[in-house]
Amino acid sequence: MNTSTTTPLLVLGTALALVTLSGCGGPPADQHTDSRDHHATASALDPSTPPKGSAEAGDLVIEDAWLAEPANPSMTAGYLTISNTGDEDITLTEAATSLSDRTELHTVETTESGAAQMVPVDDIPIPAGETVELASGGLHIMVLDIADPPQVGDTATITLTFDNGETVQVDAPVLERTGSSGHHH
């Protein structure tokens, strides 16, 4: 075998093995993980994908928070789940982001002709003991009038305000749109 070919292949193989092994180390020691937090493990398998955001306040648990990379530089959509672990219904009344002064709650409705249409909503009820998903093709957070479009890998803060007086901030990574399903903006 030619040693001029073997050496680069050996170096490449060793580098790939090290990269693969380093991705299996699990989440950083200071990162919270529990049975519902599978994102830390998923991000450890693919270190280029940041974990989706999560936060808790009172009876509210926010998980899977992320923002789509903007398809149009001046707007994007945010997605997450909100669980109400309490005994009282709670309503999401407002969302804000660090990306823009204009953030709205939206849903996607189907018109009589069958076309999907974004429609602003005043609030989003979160019934006691239930989880509401804000996802592509349904309820979501719409970020408009973005002056400095975020790039994949950036992080933005989403602030959620509820009718019970709770305000929850969650850091959400900007992720690629590929692999997402449903309606895109």
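## Contacts and overall layout

In this predicted model, residues 24 or more positions apart account for 61% of the contacts in the protein chain that have a separation of 6 or more. The chain has 185 residues, and buried residues make up 36% of them. Its accessible surface comes to about 10,400 Å², with 51% of that belonging to carbon and sulfur atoms.

The secondary structure consists of 2 helices and 11 strands. Read along the sequence, the order is α-α-β-β-β-β-β-β-β-β-β-β-β.

## Nonpolar cores

The largest nonpolar core holds 28 residues. Within this core, the residues that touch the most other members are Leu80, Ile82, Ile141, Leu160 and Phe162. A second core, separate from the largest one, has 7 residues, among them Trp66, Ala68, Met142 and Leu144. In soluble globular proteins, nonpolar side chains tend to be buried together.

Ile82 can be followed through its contacts, setting aside neighbours within four places in sequence. On the lower-numbered side these are Leu60, Val61 and Ile62. On the higher-numbered side they are Leu92, Ile126, Glu130, Thr131, Val132, Leu134, Leu160 and Phe162. Leu160 and Phe162 thus appear in the contact list of Ile82, and they also stand with Ile82 among the core residues that touch the most other members.

## Salt bridges

A search of the whole structure finds 2 salt bridges. In one, the side chains of Glu104 and Arg102 meet, with an N to O distance of 3.2 Å. In the other, Arg102 pairs with Asp145, and the closest N and O atoms are 3.4 Å apart. Because Arg102 lies in strand 5 (residues 102–110) and Asp145 in the loop between strand 9 and strand 10, this pair ties together parts that are 43 residues apart in sequence.

Arg102, Glu104 and Asp145 are thereby linked in a network of salt bridges. Arg102 counts as partly exposed because its relative accessibility is 38%. Glu104 is also partly exposed, with a relative accessible area of 23%.

## Positive phi angles

Asp145, the partner of Arg102 in a salt bridge, has a positive phi of about 55 degrees although it is not a glycine. The loop that holds Asp145 runs between strand 9 (140–144) and strand 10 (155–162).

Asp64 is another residue other than glycine with a positive phi, in this case near 60 degrees. Asp64 is placed in strand 2 (residues 60–68). With a relative accessibility of 22%, Asp64 counts as partly exposed, since buried means under 20%.

## Glu88 and the loop after strand 3

Glu88 is found in the loop between strand 3 (76–84) and strand 4 (90–97). At 60% relative accessibility, Glu88 counts as exposed, because the cut-off for that class is over 50%.

Glu88 and Ala128 are 40 residues apart along the chain, and their C-alpha atoms are separated by 5.1 Å.

Note on methods. Residues numbered from 1 in each chain as written. Predicted model: local features only at pLDDT ≥ 70, side-chain atom pairs only at ≥ 80, totals over all residues. Heavy atoms only, no water. Core = buried A, V, L, I, M, F, W, Y, C linked by side-chain atoms within 4.5 Å. Buried < 20%, exposed > 50% of the residue type's maximum accessible area, 1.4 Å probe, protein only. Contact = heavy atoms within 4.5 Å. Helix = DSSP H or I, 4+ residues; strand = E, 2+ residues; numbered from the N terminus. Areas by Shrake-Rupley, 256 points an atom, 1.4 Å probe, with all protein chains shown as cover. Salt bridge = Lys/Arg side-chain N within 4 Å of Asp/Glu carboxyl O.
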